[in-house]
Every structure is written in C-alpha cells, then in structure tokens.
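Thanks for coming, everyone. Please have the sequence and the model open while I talk.

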Amino acid sequence: VQLQASGGGLVQAGGSLRLSCAASGFLFSTYHMAWFRQAPGKQRELVAYVTSGGGTKYADFVEGRFTISRDNAKNTVYLQMNILKPEDTAVYYCASRRFAIPRLNEIDFWGQGTQVTVSS
C-alpha cells in the first residue's frame, strides 16, 4: 500500500496550490479519502474528506477556500487550495479509510506528507 502526496511548496498569501495523492496497493474506489494537516507544535487535524460515493466534508477553517476531489480512474485524490493564508502552513497528509468516515485516530493508511508554506 502506498499513498504518494505531492504538490506542496512555498506560496505567497492569497495564492493557490493543488495537492495530489496517488494511491496504490488497495481498491481505491471503495475507500473514503481525506487530507489532514499538521503545523509545527500542533496536533494533526482533518482538512477535508471525500467519500467513496463522492460526498465531501470540510473543516470550518477551510471557509470555502479548498476543494477536495477524487479521480477513481487515476487512483488519485486532490486538494485544490485557494486564497491561502500563513496559518495554512503545515505538512499535509493524505489518508484513507474504508468502512467509516476518516477520523484522526481511525485511519487505515497514511501518506508521507507534503510541506505547504504560505508566506505573508
């Protein structure tokens, strides 16, 4: 099983980034997929998830700026992040869970993370 996250980088406040997470080794289409993030000194937190059926849910701090999506043909989940703020700076992790909604301590597989840094 592998979840390979990419697309992080350094961006100015107000800018955009698109994260990708390519999955392999499991039946991607049957799993709920999520993005979490962890800022220095803080607990890892849920950013958004997309269910196997395509339903989505976002953390309150997203405030309409991010969009999570999935492409089952490519075994990939995306996180489009717009209007980025310095407080969005964190390592972003993709994760999957099959039989229930992804929660921090209830994840089947974790990716390795990609750094997002937003400068003011």
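Let me start with a question: which residue is the bridge partner of Asp71 in β8? It is Thr76. Keep that pair in view, and remember throughout that this is a predicted model.

So, the strands around that pair. β7 covers residues 66-71, and β8 covers 76-81. The two run antiparallel, and six bridges join them. Together they make a hairpin, with four residues between the strands.

Now look at the side chains along β7. They alternate. Phe66, Ile68 and Arg70 point to one face, and these are buried. Thr67, Ser69 and Asp71 point to the other face, and these are not buried. Asp71, from our opening pair, is therefore on the face that is not buried, given that buried means under 20% relative accessible area.

Stay with β7 for one residue, Arg70. Is Arg70 buried or exposed? Buried: its relative accessibility is 17%, and the cut-off for buried is under 20%. Who does Arg70 touch? Set aside neighbours within four places in sequence, and the list includes Phe28, Ser29, Tyr31, His32 and Met33. It also includes Val50, Thr51 and Ser52. From the hairpin partner, Thr76 and Val77 are in contact with Arg70 too. One distance to go with that: Leu27 is 43 residues from Arg70 in sequence, and the C-alpha atoms are 13 Å apart.

Back to the hairpin, and to the loop between β7 and β8. Asn75 sits there. Its phi is near 50°, a positive value, and Asn75 is not a glycine. Most residues other than glycine have a negative phi. As for cover, Asn75 is partly exposed, at 28% relative accessible area.

There is another positive phi to show you. Ile83 lies in the loop between β8 and β9. Its phi is about 50°, again in a residue that is not a glycine. What is the accessibility of Ile83? It comes to 52%, so Ile83 counts as exposed, the cut-off being over 50%.

Next, strand β9, residues 90-97. Ser96 is in this strand. Its relative accessibility is 0%, so Ser96 counts as buried. Which residues touch Ser96, leaving aside those within four places in sequence? Leu3 is one of them. Phe26, Tyr31, His32 and Met33 are also in contact with Ser96. So are Ile107, Asp108 and Phe109. Tyr31, His32 and Met33 should sound familiar: they touch Arg70 as well.

Leu3 takes us to the start of the chain. It belongs to strand β1, residues 2-6. This strand has a covered face, made of Leu3 and Ala5. Gln2, Gln4 and Ser6 are on the uncovered face. β1 is joined to β3, residues 17-24, by five bridges, and the two strands run antiparallel. Where does Gln2 fall in that pairing? Opposite Ser24 in β3.

One more residue, this time in a loop. Ala13 lies between β2 and β3. It is partly exposed, with a relative accessible area of 40%. Beyond its neighbours up to four places away, Ala13 touches Leu84 and Pro86. It also touches Val118, Ser119 and Ser120. Asn82 is 69 residues away along the chain, yet its C-alpha is 9.5 Å from that of Ala13.

Now zoom out to the chain. How many helices and strands does it have? Zero helices and 11 strands. The radius of gyration is 13 Å, close to the 14 Å that the globule rule gives for 120 residues, so the chain is as compact as a globular protein of that length. Along its principal axes, the C-alpha trace spans about 40 × 25 × 25 Å.

How much of the chain is buried? Of its 120 residues, 42% count as buried. Take contacts between residues at least 6 apart in sequence: 57% of them join residues at least 24 apart.

Last, surface and charge. The accessible surface is about 6,000 Å², and carbon and sulfur atoms hold 47% of it. There are 12 positive and 8 negative side chains. The centres of those two sets lie 4 Å apart.

To close, go back to the opening pair: Asp71 in its bridge with Thr76 of β8. Right beside it in sequence is Arg70, which is buried.

Note on methods:
Residues are numbered from 1 along each chain as its sequence is written. This is a predicted model: local features need pLDDT of at least 70, side-chain atom pairs count only at pLDDT 80 or more; totals for chains, interfaces and linings use all residues. Side-chain values use heavy atoms; hydrogens and water are left out. Buried means under 20% relative accessible area, exposed over 50%, partly exposed in between (1.4 Å probe, protein chains only). Two strands pair if DSSP finds at least two bridges between them. The radius of gyration is taken over C-alpha atoms; the globule rule is 2.2 Å times the number of residues to the power 0.38. Contact means heavy atoms within 4.5 Å. Accessible areas come from the Shrake-Rupley method with a 1.4 Å probe; for residues, only the protein chains shown count as cover. Lys and Arg count as positive and Asp and Glu as negative; His and the chain ends are not counted. The place of a charge is taken as NZ of Lys, CZ of Arg, CG of Asp or CD of Glu.
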